[in-house]
Amino acid sequence: MNAHHPHVSEQHEGSPWFEWCVAGLVVAATVLAIMGEPMVATAIVSVTAIGSGVVRLIYRERSPWKVRSVSFDAVCGIGFGVVLTLLYLAIRFIR
């Protein structure tokens, strides 16, 4: 049997309170979308994504939100929020 265990880095990853806040906002957005408020739901998810990317960019290694590297997390968060907003606006104006 191999005695070498892989390094587990959960203790160096994000803070649960921040992750629960993000999860709560996603649940709130889902409820609002089901209630017929897609614009508000999209805005909540977009602002949450952009906010998490900005938090990661500003706080770097002290950030409560960590997935991969600082640049990866920031680009994914900010990029997802911006693209989601642009897609929603494009769909809304096409109609």
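Visitor: Which residues does Ser 52 touch, not counting residues up to four places away in sequence?
Guide: In this predicted model, Ser 52 lies in helix α2, which comprises residues 38-59. Leaving aside residues up to four places away in sequence, the residues that Ser 52 touches are Phe 18 and Trp 65.

Visitor: Is Ser 52 buried or exposed, and with what relative accessible area?
Guide: A residue counts as buried when its relative accessible area is under 20%. Ser 52 falls under that cut-off and is therefore buried, with a relative accessible area of 7%.

Visitor: Which helices do the buried residues of α2 pack against?
Guide: The buried residues of α2 are Ala 41, Thr 42, Ser 46, Thr 48, Ala 49, Ser 52, Gly 53 and Arg 56. They cover an arc of only 155° around the axis, and so they sit on the same side of α2. On the other side of α2, Val 47 and Ile 58 are exposed. The helices against which the buried residues of α2 pack are α1, residues 16-34, and α3.

Visitor: How far apart are the end C-alpha atoms of α2, and what span should its residues give?
Guide: Helix α2 has 22 residues, and the expected span is 1.5 Å times one less than that number of residues. This should give 32 Å, which agrees with the end C-alpha atoms, whose separation is 31 Å.

Visitor: What phi does Arg 60 take?
Guide: Helix α2 covers residues 38-59, and Arg 60 comes just after α2. There, the phi of Arg 60 is positive, at about 50°.

Visitor: How far apart in space are Val 67 and Arg 56, C-alpha to C-alpha?
Guide: Val 67 lies in the loop between α2 and α3, the latter being residues 70-94, whereas Arg 56 is one of the buried residues of α2. Val 67 itself is partly exposed, with a relative accessible area of 46%. The two residues are 11 residues apart in sequence, and their C-alpha to C-alpha distance in space is 9.6 Å.

Visitor: What share of the contacts with a separation of 6 or more comes from residues 24 or more positions apart?
Guide: The chain has 3 helices and 0 strands, with its elements running α-α-α from the N terminus on. Among contacts in the chain with a separation of 6 or more, the share accounted for by residues 24 or more positions apart is 54%.

Visitor: What part of the exposed area of the chain do carbon and sulfur atoms supply?
Guide: Of the 95 residues in the chain, buried residues make up 22%. The chain exposes about 7,100 Å², and the part of this area supplied by carbon and sulfur atoms is 71%.

How values were computed
Residues are numbered from 1 along each chain as its sequence is written. This is a predicted model: local features need pLDDT of at least 70, side-chain atom pairs count only at pLDDT 80 or more; totals for chains, interfaces and linings use all residues. Side-chain values use heavy atoms; hydrogens and water are left out. Helices (H or I, at least four residues) and strands (E, at least two) are DSSP runs, numbered from the N terminus. Buried means under 20% relative accessible area, exposed over 50%, partly exposed in between (1.4 Å probe, protein chains only). Contact means heavy atoms within 4.5 Å. Accessible areas come from the Shrake-Rupley method with a 1.4 Å probe; for residues, only the protein chains shown count as cover. The arc is that of the directions from the helix axis to the C-beta atoms.
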